[in-house]
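Please open the model in your viewer and keep the sequence panel beside it. The tour below moves from one selection to the next, and at each stop it says what can be found there.

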Amino acid sequence: MLKCYKCGKRFTKSNTTPTTFKRRKGWCKTCEKEYRVKNKERSRLYGLEYYSAHQSERHLYQQTFPYRHRTLKYFLKKAKISRSNPLWSLNFFVGLLSFNECHYCLGPLHSKGYALDKVDPEKSYLISNIVPCCVRCNRLKLNHFSYREMMLLAPILGQIQRKEI
Ligand SMILES: [Zn+2]
Ligand SMILES: [Zn+2]
């Protein structure tokens, strides 16, 4: 006998989803919907609680060095750079961010996000070919400007960053 596990109603094609009807076991449509709505609210409330409880902690963590290094490693992983590359080393990271400024606009690198820009996009990831820059400059450069053009734009970008114009 095909019955809903929860309310015991008999299964028909109209009160079950096709998958449940095919599997011949599970809950009817009404019970599934009820469960989903109830749990959505529960998980949402739990998430909010967790978020407010850890907000200040997380904020502090995002200002710290390990968090930033983690971000860099994420970028390197995304760019599929081999682990033997010295870019992965902590020393390189320390040197790269020692000034904590964007190569183009000279603004501070945001703790949450910054990018590593390839000076010459044709070349691969080499230490000499990488400069740190803010996400904004990185997106601006993309495929539209060359390194030389970006350096010509740099004084204006700096002025915008400092809100002088
Ligand atoms: Zn049911
Ligand atoms: Zn910048």
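What pLDDT does the chain average, and what percentage of the residues score at least 70? Colour this predicted model by confidence before selecting anything: the chain averages a pLDDT of 83, and 97% of the residues score at least 70. Among the elements of the chain, strand S1, residues 114-118, has the lowest mean pLDDT, at 75, while helix H6, residues 147-161, has the highest, at 90.

Next, give two colours to the domains, since the domain assignment of the chain gives domain 1 as residues 18-62 and domain 2 as residues 65-161. The C-alpha centres of domain 1 and domain 2 lie 38 Å apart.

Stay with domain 1 and select Arg24, which sits in the loop between helix H1 (18-23) and H2. Arg24 has 9 C-beta neighbours inside 10 Å, and because a residue with 12 or fewer is classed as exposed, Arg24 counts as exposed. The phi of Arg24 is near 65 degrees, a positive value in a residue other than glycine, and this deserves a second look because most residues other than glycine have a negative phi.

Now move to Arg42, which is found in helix H2, residues 29-62. Is Arg42 buried or exposed? With 10 C-beta neighbours inside 10 Å, Arg42 counts as exposed. If you draw a distance from the C-alpha atom of Arg42 to that of Thr20, the two are separated by 24 Å, and they are 22 residues apart along the chain.

Cross over to domain 2 and select Asn100, in the loop between helix H4 (90-96) and S1. Its phi is near 55 degrees, again a positive value in a residue other than glycine. Asn100 has 13 other C-beta atoms within 10 Å, and is therefore partly exposed.

Then show the side chains of the largest nonpolar core, which has 10 residues: Cys102, Tyr104, Cys105, Leu109, Ala115, Cys133, Cys134, Cys137, Met150 and Leu157. The elements that give two or more residues to this core are strand S2 (130-134) and H6.

Finally, follow H6 along its length, and look for a kink of about 45 degrees at Ala154, shortly before the proline Pro155. H6 is followed by Lys163, whose phi is positive, near 60 degrees, and the tour ends there.

Technical notes:
Residues are numbered from 1 along each chain as its sequence is written. Chains are lettered from A and ligands numbered from 1 in the order in which they are written. This is a predicted model: local features need pLDDT of at least 70, side-chain atom pairs count only at pLDDT 80 or more; totals for chains, interfaces and linings use all residues. Helices (H or I, at least four residues) and strands (E, at least two) are DSSP runs, numbered from the N terminus. A residue is buried if 20 or more other C-beta atoms lie within 10 Å of its own, exposed if 12 or fewer, and partly exposed in between; C-beta atoms are placed from the backbone. pLDDT is the predictor's confidence in each residue, from 0 to 100. The bend at a residue is the angle between axes fitted to the seven residues ending there and the seven starting there. Domain bounds come from an automatic or database domain assignment. A nonpolar core is a set of buried Ala, Val, Leu, Ile, Met, Phe, Trp, Tyr and Cys residues joined through C-beta atoms within 7 Å.
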